[in-house]
Amino acid sequence: MRIRIVDAFTDRPFAGNPAGVVLLDSFPDDAWLQNVALEVNHAETAFAHRLPEGGEADWALRWFTPATEVAMCGHATLATAHVLHSTGTHRGPVRFATLSGVLVATPQEDGSITLDFPTAPLTPVDVPDGVAEALGAEPLAACDTGPQVGDLVVELADEKTVLGLAPDHKGLSRHSRRGIIATARAEDASRGYDFVSRCFFPNVGIDEDAVTGSAHTALAPYWSERLGLPDLTGLQASRRSGLVRTGLRGDRTLLTGRAVTVIEGELLA
């Protein structure tokens with residue numbers, strides 16, 4: 001079977017967030033899936049197989065980090081849709097059956113792909129004791145993102161503070177189910193983005209994720225309310241970095257980005 005490494009939420013190799021993508025005839029046992037994800041050793045590896053025609057979805061899709069299966073992943077969904085479209089395996093919008101329900105990926109004329117994901121329900125909370133110390137910065141506000149995303153969003157004073165974080169990852173692991181999303185308003189929107197973020201997920205084996213689609217289902221409503229705009233662009237400022245265009249549509253959030261296949265090989269195990 002073929003295995004591909006795809007850089008998602010970028011239009012160039014070696015940027016964005018890399019994901020493994022494996023297309024199967026059916027899902028083997030979970031131990032095999034987890035071992036492949038560990039071998040690939042990227043933030044997520046996506047496994048997909050075609051479903052019978054006439055159902056509510058076209059493909060079944062699962063995502064594994066090197067440590068565990070996750071309920072939602074944006075960049076690996078984008079990577080899988082990119083593989084299906086770029087290889088001619090699927091044409092037009094593709095409906096994925098996932099642990100987060102049916103997610104739709106639609107190719108655009110400019111070569112980008114738009115994902116239709118559930119909007120994360122945001123609940124303002126007090127900043128938990130110890131978060132400021134673990135981050136190394138004092139949050140202005142905090143929100144819980146609900147069970148599907150499982151993160152704590154914390155707004156920091158400015159973009160410079162977000163970019164300068166050097167957190168204690170073990171300390172952060174005590175304060176959310178998956179991790180911490182640190183965010184701030186962009187210093188200068190003329191640079192092509194409206195807000196900036198960094199995502200730390202030590203509880204699923206990822207100290208810092210490169211570009212996180214699922215996090216933007218929380219960042220989109222957070223910043224749309226503050227900036228008064230339904231359509232925004234977020235910069236996730238990791239070492240690789242990437243841009244995510246967001247569109248808030250009530251209980252759904254549209255995530256748009258590009259992807260590039262950088263490695264294609266044969267999986268022998």
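# Exercises on a predicted chain

Asn-41 sits in the loop between α1 (30-40) and β3 (44-50). The model behind these exercises is predicted.

**Exercise 1. Find the sign of phi at Asn-41 and at Ser-241, and place Ser-241 in the chain.**

Step 1. Begin with the expectation. Most residues other than glycine have a negative phi.

Step 2. Asn-41 has a positive phi, near 65°, and is a residue other than glycine.

Step 3. Ser-241 is not a glycine either, and its phi is positive at about 60°. Its place is the loop between β15 (231-236) and β16 (242-249).

Step 4. Ser-241 has a relative accessibility of 23% and therefore counts as partly exposed.

**Exercise 2. State how many helices and strands the chain has, and decide whether its radius of gyration fits a globular protein of its length.**

Step 1. Seven helices and 18 strands are found in the chain.

Step 2. The radius of gyration is 18 Å, and the globule rule gives 18 Å for 269 residues; the two are close, so the chain is as compact as a globular protein of that length.

Step 3. For the extent in each direction, take the principal axes: the C-alpha trace spans about 50 × 35 × 30 Å along them.

Step 4. Turn to the contacts. Of those between residues at least 6 apart in sequence, 61% join residues at least 24 apart.

**Exercise 3. Describe burial, exposed surface and charge for the chain as a whole.**

Step 1. Of the 269 residues, 56% are buried, where buried means under 20% relative accessible area.

Step 2. The exposed area is about 11,600 Å², and carbon and sulfur atoms supply 49% of it.

Step 3. There are 22 positive and 35 negative charges, and their mean positions lie 4 Å apart.

**Exercise 4. Name residues that touch the most other members of the largest nonpolar core, and find the helix that gives the most to this core.**

Step 1. Recall the general pattern. In soluble globular proteins, nonpolar side chains tend to be buried together.

Step 2. The largest nonpolar core has 48 residues; Trp-63, Leu-78, Val-94, Phe-96, Ala-105 and Leu-115 touch the most other members.

Step 3. Helix α2 (residues 74-86) is the largest contributor to this core, with six residues.

Step 4. A separate core holds 20 residues, including Leu-135, Ala-137, Leu-165 and Ile-180.

Step 5. Take Val-94 as an example. Beyond its neighbours within four places in sequence, Val-94 is in contact with Asp-58, Trp-59, Ala-81, Leu-84, His-85, Leu-103, Val-104 and Ala-105.

**Exercise 5. Decide whether α7 is enclosed or open, and describe the surroundings of His-216.**

Step 1. Count the buried residues: nine of the 12 in α7 are buried, so this helix is largely enclosed by the rest of the structure.

Step 2. The buried residues of α7 are His-216, Thr-217, Ala-218, Leu-219, Ala-220, Pro-221, Tyr-222, Trp-223 and Ser-224.

Step 3. His-216 lies in this helix, which covers residues 216-227. The relative accessibility of His-216 is 0%, so His-216 counts as buried.

Step 4. With neighbours within four places in sequence left aside, the contacts of His-216 include Phe-195, Ser-197, Gly-234, Gln-236, Val-244 and Leu-255.

Step 5. After α7 comes Gly-228, with a positive phi near 70°.

**Exercise 6. Compare sequence separation with C-alpha distance for three pairs: Ala-182 and Leu-135, Met-72 and Asp-158, and Gly-55 and His-75.**

Step 1. Ala-182 belongs to strand β12 (residues 179-185) and is buried, at 0% relative accessible area. Ala-182 and Leu-135 are 47 residues apart along the chain, and 8.8 Å separates their C-alpha atoms.

Step 2. Among the residues that Ala-182 touches, not counting those up to four places away in sequence, are Val-154, Leu-156, Leu-165 and Phe-200.

Step 3. Met-72 lies in the loop between β5 (69-70) and α2, and is buried at a relative accessible area of 4%. From Met-72 to Asp-158 there are 86 residues along the chain and 28 Å between C-alpha atoms.

Step 4. Apart from neighbours within four places in sequence, Met-72 is in contact with residues including Trp-63, Phe-117, Gln-148 and Ser-214.

Step 5. Gly-55 is in the loop between β3 and β4 (59-64) and is partly exposed, at 35% relative accessibility. Gly-55 and His-75 are 20 residues apart in sequence and 25 Å apart from C-alpha to C-alpha.

Conventions: Residues numbered from 1 in each chain as written. Predicted model: local features only at pLDDT ≥ 70, side-chain atom pairs only at ≥ 80, totals over all residues. Heavy atoms only, no water. Helix = DSSP H or I, 4+ residues; strand = E, 2+ residues; numbered from the N terminus. Rg over C-alpha atoms; globule rule 2.2 N^0.38 Å. Buried < 20%, exposed > 50% of the residue type's maximum accessible area, 1.4 Å probe, protein only. Contact = heavy atoms within 4.5 Å. Areas by Shrake-Rupley, 256 points an atom, 1.4 Å probe, with all protein chains shown as cover. Lys, Arg positive; Asp, Glu negative; His and termini not counted. Charge placed at Lys NZ, Arg CZ, Asp CG, Glu CD. Core = buried A, V, L, I, M, F, W, Y, C linked by side-chain atoms within 4.5 Å.
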